Amino acid sequence: MIYGQLVIGPPGSGKTAYCEAMYRELCKLGRRTAIVNLDPANEDLPYKPNVDISHLITVADVMENIKLGPNGGLIYCMEFLEKKIDWLLDELGKFADCYLLFDCPGQVELYTHHQSIQKIVSRLNKSGYMLSAVHLVDSHYCCDPAKFMAVLLTSLSTMLHLEMPHINVLSKIDLLRQHGKLHFNLDFYTDVLDLGQLVDLLSDDPFLVKYKKLNEALNELIENYSLVSFHLLNVKDDRSIRKVLKAADMANGYVFGVNEENRDIKNMLSCAMNADFEYARISDIAEKYLSRDTKSSQGYASHGR
């Protein structure tokens, strides 16, 4: 089995920075790691990819030769890669002993309803690649209840569409304070519990009150599936990166594989049982980046609502 992460998320969520930081962390742990750039529009990379889609096709070439716009060009590139999947498999075969990080494009519709990424992932799975999707979302959306509801819907849609092991991550948590105060404790956003409070908050907005029934229906949809939750990430914090790595490794099955890191049965069982309590999973980050807020008027708006 070849294990890895499919790093996805909207533009600006920090996918490339995450891949670079995760690559460094994996190297520290002694894992052989390769980065795969699947974004044909990503021209300025902070790392040197081991496999690069730009050797096959780029958005710039498609826009020039086929006269498509940026979005249409990106979709064309993904459809082209789907047809040339054997090229990708041949390139990946050169790194069969590596843990893989796939740096993917940021166009949201590629993961919510377009078929190419889903078909590429399906083919990789059939070829023995055990991947977990790591879906990054900028944490500043937590400061706006309406945007956070949209994030929940996008995350849920992506999970259902890709049909693969999946974790959601709130990125840039170290910058959260710069975007304003939170209306609830941080664990409200990571655990995604009691969204009725979010609907009540949206109803307090004079513009959104007319959409109360719609928001209630969306809330019911999200809670009925009960699939969405979030991990926290600061790419400058090694401990934060390792927590996300642990979650990704649990999702793709790496912790259960035969490798030097996981021969300790206690370590494997601890991961399998998810020994961390939910509050412990975020408490250190909340204390580090938001503790000063709880002591001032610029902090949490409430402990609950």
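Is Tyr-225 to be counted as buried, partly exposed or exposed, and what relative accessibility places Tyr-225 in that class? In this predicted model, Tyr-225 belongs to helix α10, which spans residues 212–225, and Tyr-225 counts as partly exposed because its relative accessibility is 40%, a value that lies between the limits of 20% for buried and 50% for exposed residues. Together with Leu-160, Leu-221 and Leu-227, Tyr-225 makes up a nonpolar surface patch of about 330 Å².

A contrasting environment is found for Asp-249, which is part of helix α11 (residues 238–252) and which counts as buried because its relative accessibility is 3%. The side chain of Asp-249 is joined to that of Tyr-99 by a polar contact of 2.8 Å. When residues up to four places away in sequence are set aside, Asp-249 touches Arg-31, Tyr-99, Tyr-254 and Val-255.

The strands form an open sheet of 7 members, arranged in the order β3-β2-β4-β1-β5-β6-β7 and paired in parallel. The edges of this sheet are occupied by β3 (51–52) and β7 (230–232), each of which has a single partner strand, so that one side of each is left without a neighbour in the sheet. Within the sheet, strand β1, covering residues 2–8, pairs in the parallel sense with strand β5, covering residues 129–138, and 7 bridges are found between these two strands. Along this pairing, Val-7 stands opposite Val-134 of β5. In general, the strands of a sheet pair through backbone hydrogen bonds, in either a parallel or an antiparallel manner.

Conventions: Residues numbered from 1 in each chain as written. Predicted model: local features only at pLDDT ≥ 70, side-chain atom pairs only at ≥ 80, totals over all residues. Heavy atoms only, no water. Helix = DSSP H or I, 4+ residues; strand = E, 2+ residues; numbered from the N terminus. Buried < 20%, exposed > 50% of the residue type's maximum accessible area, 1.4 Å probe, protein only. Polar contact = N/O pair within 3.5 Å; in protein donor to acceptor, adjacent residues only side chain to side chain. Contact = heavy atoms within 4.5 Å. Patch = residues over 30% accessible without salt bridge, like charges linked within 9 Å, V, L, I, M, F, W, Y side chains within 5 Å. Areas by Shrake-Rupley, 256 points an atom, 1.4 Å probe, with all protein chains shown as cover. Salt bridge = Lys/Arg side-chain N within 4 Å of Asp/Glu carboxyl O. Pairing = 2+ DSSP bridges.
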